[in-house]
Structures are given as structure tokens and as C-alpha cells.
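Here's a quick briefing to read alongside the model. Have the structure open and follow along by topic.

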Amino acid sequence: MKNDKMKQQYRINEQIRVREVRIVGDDGSSVVPTRDALNMAREQGVDLVEISPNANPPVCRLIDYSKFLYQQKKRQKEMKAKQVKVEVKEIRFGPQTDEHDYQFKLKHAKEFLEEGNKVRAYVFFRGRSILFKEQGEVLLLRFANDLEEVGKVEGMPSLEGKKMFLYLAPKKAGEKKKSQQARDREAAEAEAKEAKKAQAAEEKDIDVEMPANGGLFANAKISADALKKLQETEE
């Protein structure tokens with residue numbers, strides 16, 4: 001059934017009834033009368049396949065039609081395999097979610113985002129708990145902040161009926177951003193490293209040995225001694 005639909009997409013050989021066509025191949029392209037293109041196809045034992053009917057003139061290839069359909073089917077299959085199906089995963093909180101439950105849901109949300117899915121987190125207010133909507137908003141903002149390395153906020157927390165929603169989308173490759181905690185930690189480590197290096201430089205005792213056979217350091221020492229004696233003589 002799929003092959004029949006694909007066959008209907010392309011005109012071949014005598015079905016192509018325009019005056020001229022553009023033949024494309026590995027060695028380039030050329031515009032020729034359709035009659036000549038059909039003769040070329042017969043001589044080569046292949047088909048004249050119209051691959052771009054809206055071009056001016058229409059673009060065709062000289063190729064075995066069965067082989068052409070196989071290539072098209074294979075290309076569509078590869079493109080379909082590359083397409084990632086994005087799902088929206090839900091994470092539900094109460095306005096007074098405890099820390100253990102929060103960390104458990106945070107872990108799952110991180111996994112969802114790393115797999116390329118979106119996350120819809122929401123706080124459900126039951127009955128009089130709607131009075132704690134500010135507390136729910138703070139919880140969702142903390143949730144977004146804790147996931148900023150793997151997810152980006154698509155909209156600030158918004159109240160819809162008895163639910164306050166927050167939407168997160170996965171970050172693309174190369175878009176990963178370090179959390180503020182990670183940046184602060186790296187800055188502290190770099191500062192400690194520099195301080196340690198400076199302290200080591202201060203404590204290091206640098207000894208310079210005089211060359212046994214003279215040299216620049218020996219000459220510098222002799223010149224200094226001679227200058228000292230000269231000053232003593234003048235005094």
C-alpha cells in the first residue's frame with residue numbers, strides 16, 4: 001500500500017509530457033528536450049523519473065524506478081528513526097511537600113529532561129490549601145532553579161483553577177548551564193588554589209649556586225667585591 005502511494009508521487013517515462021527537462025546526475029545537470037531524455041533512458045536501460053515537477057524545467061533523473069523507490073523508502077525510514085518523540089511528563093506537588101518527596105520528584109524530573117522530554121510540574125491546591133499559593137509558587141521556582149543545568153523554563157508559574165503550573169523544556173546539546181551552586185563552588189576552588197600557590201611561592205627558598213668555573217654570576221660577584229673595596233679606599 002505504501003509503495004503504491006509512493007509510485008503515485010512521481011511521473012516516469014511517457015507520463016512526463018513537458019517540452020524539456022533538466023537531467024541531474026553525479027556529473028552535473030543539463031537541460032534537454034524530453035524526447036531526447038527518454039531516448040537516453042532507453043539506451044541506458046533505465047527510467048526517466050521526475051523528481052521535482054514544480055521546477056522550471058522539471059528536474060528528472062535517469063535511474064531504475066524500482067531502485068529509486070527503494071532509495072526513497074530507505075531515506076524516509078532513516079529520517080523517521082532520527083526523529084525524537086518528545087513527551088510531556090507530569091510532576092505533582094502538594095503545597096506542603098516534604099523534603100524527601102521533593103528530592104525524589106526532582107530526581108525523576110531530571111531524568112525526564114535528560115531523555116529529551118518536557119516536564120509539566122504543578123502544585124495542586126485542595127480545599128483551603130489555596131491560601132498557600134505563594135508557598136506553591138516558591139516551591140516551583142526552587143524546582144526550576146534546581147533543574148537549570150538540564151532544563152529551561154518555558155513560562156513562569158501560573159495558577160489555573162486549583163493548579164499552579166510550571167513548564168520546563170530540555171536544554172539542547174551544548175546549551176547546558178551550570179547551576180549557581182556549581183559556579184560558586186568552582187570559584188571558591190579556584191580562589192583556594194591561587195592562595196595555595198601564592199603561599200607556596202612565599203615559603204619556597206630559592207638557592208642559586210655559583211658556577212664553579214666562573215660565568216656571569218661569578219663576574220657579577222667579583223665586580224661587586226671590587227666596587228666595595230673601592231668605596232672603602234675612598235673613605
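Let's start with one helix: the buried residues of H2 are Thr34, Ala37, Leu38 and Ala41. They sit on the same side of H2, because the arc they cover around the axis is only 100°. Keep in mind that this is a predicted model.

**Helix H2, face by face**

- An α-helix has 3.6 residues a turn, so residues three or four places apart point the same way.
- Flip to the other side of H2 and you'll find Arg35 and Glu43, which are exposed.
- As for what the buried residues of H2 pack against, the answer is S1, S2, S3 and S4.
- Just after H2 comes Gly45, with a positive phi of about 70°.

**The sheet under H2**

- S2-S1-S4-S3 is the order of the 4 strands in this open sheet, and their pairing is mixed.
- Strand S2 (28-33) and strand S3 (47-52) are the edge strands; each has a single partner strand, so one side of each has no neighbour in the sheet.
- Going from one strand to the next, the twist averages 40°.
- Helix H2 (residues 34-44) packs on this sheet and touches S1, S2, S3 and strand S4 (59-63), with its direction at about 115° to that of S2.
- Strand S1 (residues 20-25) and S2 run antiparallel, joined by 6 bridges.
- One of the residues to click on here is Gly25, whose bridge partner in S2 is Gly28.

**Nonpolar cores**

- How many residues does the largest nonpolar core have? It has 20, and those with the most contacts inside it are Ile91, Phe93, Val119, Leu140, Phe143, Leu147 and Leu168.
- At least two residues of this core come from each of strand S5 (88-93), helix H4 (99-114), strand S6 (118-124), helix H5 (133-146) and strand S8 (163-170).
- H4 is the top contributor to this core, giving 5 residues.
- Phe93 is worth a closer look: leaving aside residues up to four places away in sequence, it touches Tyr102, Lys105, Ala121, Tyr122, Val123, Phe124, Leu139, Leu140 and Phe143.
- Apart from the largest core lies another one, of 9 residues, including Ile16, Ile23, Leu38 and Leu48.
- Leu38 ties two topics together, since this residue is among the buried residues of H2 and also belongs to that core of 9 residues.

**Backbone oddities**

- Most residues other than glycine have a negative phi, and most peptide bonds are trans.
- Asn13 isn't a glycine, yet its phi is positive, at about 50°.
- You'll find Asn13 in the loop between helix H1 (2-7) and S1.
- Is Asn13 buried or exposed? Asn13 counts as buried, because its relative accessibility is 16% and the cut-off for buried is under 20%.
- Which peptide bond is cis? That's the one from Asn56 to Pro57, with omega near 0°.
- Pro57 itself is in the loop between S3 and S4.

**A buried asparagine in a loop**

- Asn117 belongs to the loop between H4 and S6.
- With a relative accessible area of 7%, Asn117 is buried.
- A polar atom of the Asn117 side chain lies 3.2 Å from the backbone nitrogen of Glu87.

Conventions. Residues numbered from 1 in each chain as written. Predicted model: local features only at pLDDT ≥ 70, side-chain atom pairs only at ≥ 80, totals over all residues. Heavy atoms only, no water. Pairing = 2+ DSSP bridges. Axes fitted to C-alpha atoms, helices over the stretch in contact; angles between N-to-C directions. Contact = heavy atoms within 4.5 Å. Buried < 20%, exposed > 50% of the residue type's maximum accessible area, 1.4 Å probe, protein only. Arc of directions from axis to C-beta. Core = buried A, V, L, I, M, F, W, Y, C linked by side-chain atoms within 4.5 Å. Polar contact = N/O pair within 3.5 Å; in protein donor to acceptor, adjacent residues only side chain to side chain.
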